[in-house]
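User: I'm new to reading protein models and would like a close look at the empty spaces inside one. Could you walk me through them slowly?

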Amino acid sequence: MFAELIAIMAPLFIGTAIGYVWVRSGTDYPSEFVSRAVMNIATPCLIVSVMARVEVEPRIMGGVALAAGFVIVSMLVLGYGLIRWLKLDPIRYLPSLLFPNNGNLGLPLCLFAFGETGLALAMASFMVMMLSTFTLGIMLVSRAEGLGARLGALVRQPVLYAMVVAVALLVTDTDLPRWLGNTVDLMGGFAIPLMLMTLGVSLARLKLVAWRRSLLFSSIRVLGGLGLGYLAALLLGLEGEALGVAVLQGAMPVAIFNYLLALRYDRAPQEVAAMVLMSTLLAFLVLPIVLVLVLPLASP
């Protein structure tokens with residue numbers, strides 16, 4: 001089990017550390033360009049590439065997606081109550097509880113833990129998070145933008161159309177032409193390495209402020225999401241890799257995109273940055289323990 005944990009976690013640590021050291025050494029890292037390339041090219045290709053190769057029942061994919069939605073809705077209700085009880089501003093703190101980093105960190109983790117089937121299932125959670133972020137997330141932090149602007153931001157995301165294509169391939173059991181399959185395999189291959197490096201770069205640039213409050217919300221995001229993910233898996237009857245993916249994706253730290261939104265709309269960006277940093281460090285401590293628990297459950 002220890003060797004298996006090392007095999008799963010080491011690529012995550014090393015990939016993130018490369019990005020962290022890269023920036024700390026003073027070398028330039030074009031984060032905006034890399035992020036756009038990953039989100040607009042590599043990730044859509046990765047989604048289509050994986051879905052074209054794996055055999056996953058649409059029912060199970062739907063179950064994992066519902067589990068992700070359950071975690072978000074439950075965290076919305078519980079988080080809002082807690083934030084109001086603490087007499088804080090929900091607009092500033094609620095998005096960090098709702099939207100986990102199940103892209104940059106969740107996709108690689110599920111890939112190394114459960115193989116390409118795990119990666120395919122993790123994409124269901126990722127898609128739910130993307131849809132929620134570009135609708136509910138933007139609605140929370142910006143009262144100035146109307147529904148049209150939010151929907152416009154959503155429909156401009158290539159991952160949305162890639163997921164539609166991927167689901168169509170899955171449901172119809174259609175194979176891609178060889179030339180197209182080779183292309184999406186090639187272009188999707190740089191998504192996960194760059195996701196991990198960009199995560200490290202982002203962590204290197206963030207600062208820790210209001211650490212007590214950041215620790216509180218980070219613990220709720222990681223540990224609360226872990227519990228809600230497991231509860232959702234039980235309620236939906238998920239088993240095997242689907243159960244493991246639902247739990248791991250629920251336990252992901254605060255997504256870096258929350259910081260970008262907070263920075264854009266001036267919603268306490270430094271505190272959100274601290275939550276991203278602290279929750280990620282906490283997740284790296286908690287996730288090996290979670291893997292010890294879910295890997296046996298996910299075994300046939």
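Which helix gives the largest share of the lining of the second largest cavity?

Analyst: Happy to help! Please keep in mind that this is a predicted model. The helix you are after is H4, which gives four residues, the largest share of the lining of the second largest cavity.

Let's stay with that cavity for a moment. Its volume is about 30 Å³. The residues lining the second largest cavity are Ile 91, Arg 92, Pro 95, Ser 96, Val 141, Asn 258, Ala 262, Arg 267 and Val 272. Helix H4 covers residues 90–98, and both H4 and H12 supply at least two residues of this lining. By class, the lining of the second largest cavity has five nonpolar, two polar and two charged residues.

Now for its companion. Searching the whole structure turns up two cavities of 30 Å³ or more, and the largest cavity has a volume of about 100 Å³. It is lined by 14 residues, and Ala 68, Val 71, Asn 102, Gln 249 and Gly 250 are the closest to its centre. Here H3 gives the largest share of the lining, five residues, while H3, H5 and H11 each supply at least two. The lining of the largest cavity has 10 nonpolar residues, four polar and no charged ones.

H5 deserves a pause. It runs over residues 106–141, yet the C-alpha atoms at its ends are only 24 Å apart, where a straight helix would reach 52 Å. There is a kink of about 145° in H5, centred on Phe 114. In H5, 27 of the 36 residues are buried, so the helix is largely enclosed by the rest of the structure.

H5 also turns up beside the pockets. The second largest pocket holds about 260 Å³ of space, and H3, H5 and H11 each supply at least two residues of its lining. Among its 15 lining residues, Arg 59, Ile 60, Leu 238, Glu 239 and Ala 242 lie nearest the centre.

Finally, the largest pocket holds about 1,200 Å³. H2, H5, H6, H9 and H12 each supply at least two residues of its lining, with H2 giving the largest share, eight residues. Of the 37 lining residues, Ser 35, Met 39, Phe 134, Phe 257 and Leu 260 lie nearest the centre of the largest pocket. By class, the lining of this pocket has 21 nonpolar, 10 polar and six charged residues.

Technical notes
Residues numbered from 1 in each chain as written. Predicted model: local features only at pLDDT ≥ 70, side-chain atom pairs only at ≥ 80, totals over all residues. Heavy atoms only, no water. Expected span 1.5 Å × (residues − 1). Bend = angle between axes of the 7 residues up to and from the residue. Buried < 20%, exposed > 50% of the residue type's maximum accessible area, 1.4 Å probe, protein only. 1 Å grid on protein atoms, 1.4 Å probe; cavity = no way out; pocket = protein on both sides within 12 Å on 5 of 7 lines; lining within 4 Å. Points joined across faces, edges and corners; volume = space filled by probe spheres on them. Nonpolar A, V, L, I, M, F, W, Y, C, P; charged D, E, K, R; others polar.
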